[in-house]
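Hi there,

Here is the structure I promised to pass on to you. Have a look at it first, and then read my notes below.

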Amino acid sequence: MSNRKSELETLKADLEARLARYQAHQRRETGALDKDFEEQASQTQNDEVVDSLEEETRAELVQIAHALDRLNSGLGAECEKCGEEIDPRRLQVLPYTTVCVDCAAD
């Protein structure tokens, strides 16, 4: 397995574990009747943050799955827009990217 593929698989597993924690947070018992208004407001705010983090995690998992599909088909280092090779330094920073820096800027 290539280093990038291994890195993507590890990142995917980490994100899936994080997503499971977010989902567990959302399923917890609220006990709303026992809380005063200030506690309920704070919990609602926390829930909104967790919802946002969950959404970002899901989006990143989609990008990782797409990058892994491209790697499995032999197109992993090729920009999906222009066809040029993606700079290895960019892949080090964003292992799930599928576009070169020039196409990302467009």
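What follows is a short tour, from the overall fold to a pocket and then to three single residues.

Please keep in mind that this is a predicted model.

**Overall fold**

The protein is built from four helices and has zero strands, so its pattern along the sequence reads α-α-α-α. The chain is more spread out than a compact globule, because its radius of gyration is 19 Å, well over the 13 Å that the globule rule gives for 106 residues. If you lay a box along the principal axes, the C-alpha atoms fill roughly 60 × 30 × 20 Å.

How much of the protein is buried? Buried residues make up 25% of the 106 residues. The accessible surface comes to about 7,400 Å², and carbon and sulfur atoms hold 49% of that area. As for contacts with a separation of 6 or more, 57% of them are between residues 24 or more positions apart.

**The largest pocket**

A probe the size of a water molecule, rolled over the atoms, shows where empty space is left. In this model, the largest pocket holds about 160 Å³ of space. Which residues line the largest pocket? They are Asn3, Arg4, Glu7, Leu71, Ala77, Pro88, Leu91, Gln92 and Pro95. By character, the lining divides into five nonpolar, two polar and two charged residues. Helix 1 (3–27) and helix 3 (88–93) each supply at least two residues of that lining.

**Three residues to click on**

Lys81 is a good place to start. You will find Lys81 in the loop between helix 2 (37–72) and helix 3. Is Lys81 buried or exposed? Its relative accessible area is 57%, over the 50% cut-off, so Lys81 is exposed. Setting aside neighbours within four places in sequence, Lys81 is in contact with Val99 and Cys103. Val101 is 20 residues from Lys81 along the chain, and the C-alpha atoms of the two are separated by 11 Å.

Next comes Ala41, which sits in helix 2. With a relative accessibility of 36%, Ala41 counts as partly exposed, because that value falls between the 20% and 50% cut-offs. How far apart in space are Ala41 and Leu11? From C-alpha to C-alpha the distance is 33 Å, for a pair 30 residues apart in sequence.

The last one, Glu55, also lies in helix 2. Glu55 has a relative accessibility of 60% and counts as exposed. Between the C-alpha atoms of Glu55 and Glu80 there are 24 Å, and the two residues are 25 positions apart along the chain.

That is the end of my notes. Enjoy looking around!

Best wishes

Note on methods. Residues numbered from 1 in each chain as written. Predicted model: local features only at pLDDT ≥ 70, side-chain atom pairs only at ≥ 80, totals over all residues. Heavy atoms only, no water. 1 Å grid on protein atoms, 1.4 Å probe; cavity = no way out; pocket = protein on both sides within 12 Å on 5 of 7 lines; lining within 4 Å. Points joined across faces, edges and corners; volume = space filled by probe spheres on them. Nonpolar A, V, L, I, M, F, W, Y, C, P; charged D, E, K, R; others polar. Rg over C-alpha atoms; globule rule 2.2 N^0.38 Å. Buried < 20%, exposed > 50% of the residue type's maximum accessible area, 1.4 Å probe, protein only. Contact = heavy atoms within 4.5 Å. Areas by Shrake-Rupley, 256 points an atom, 1.4 Å probe, with all protein chains shown as cover.
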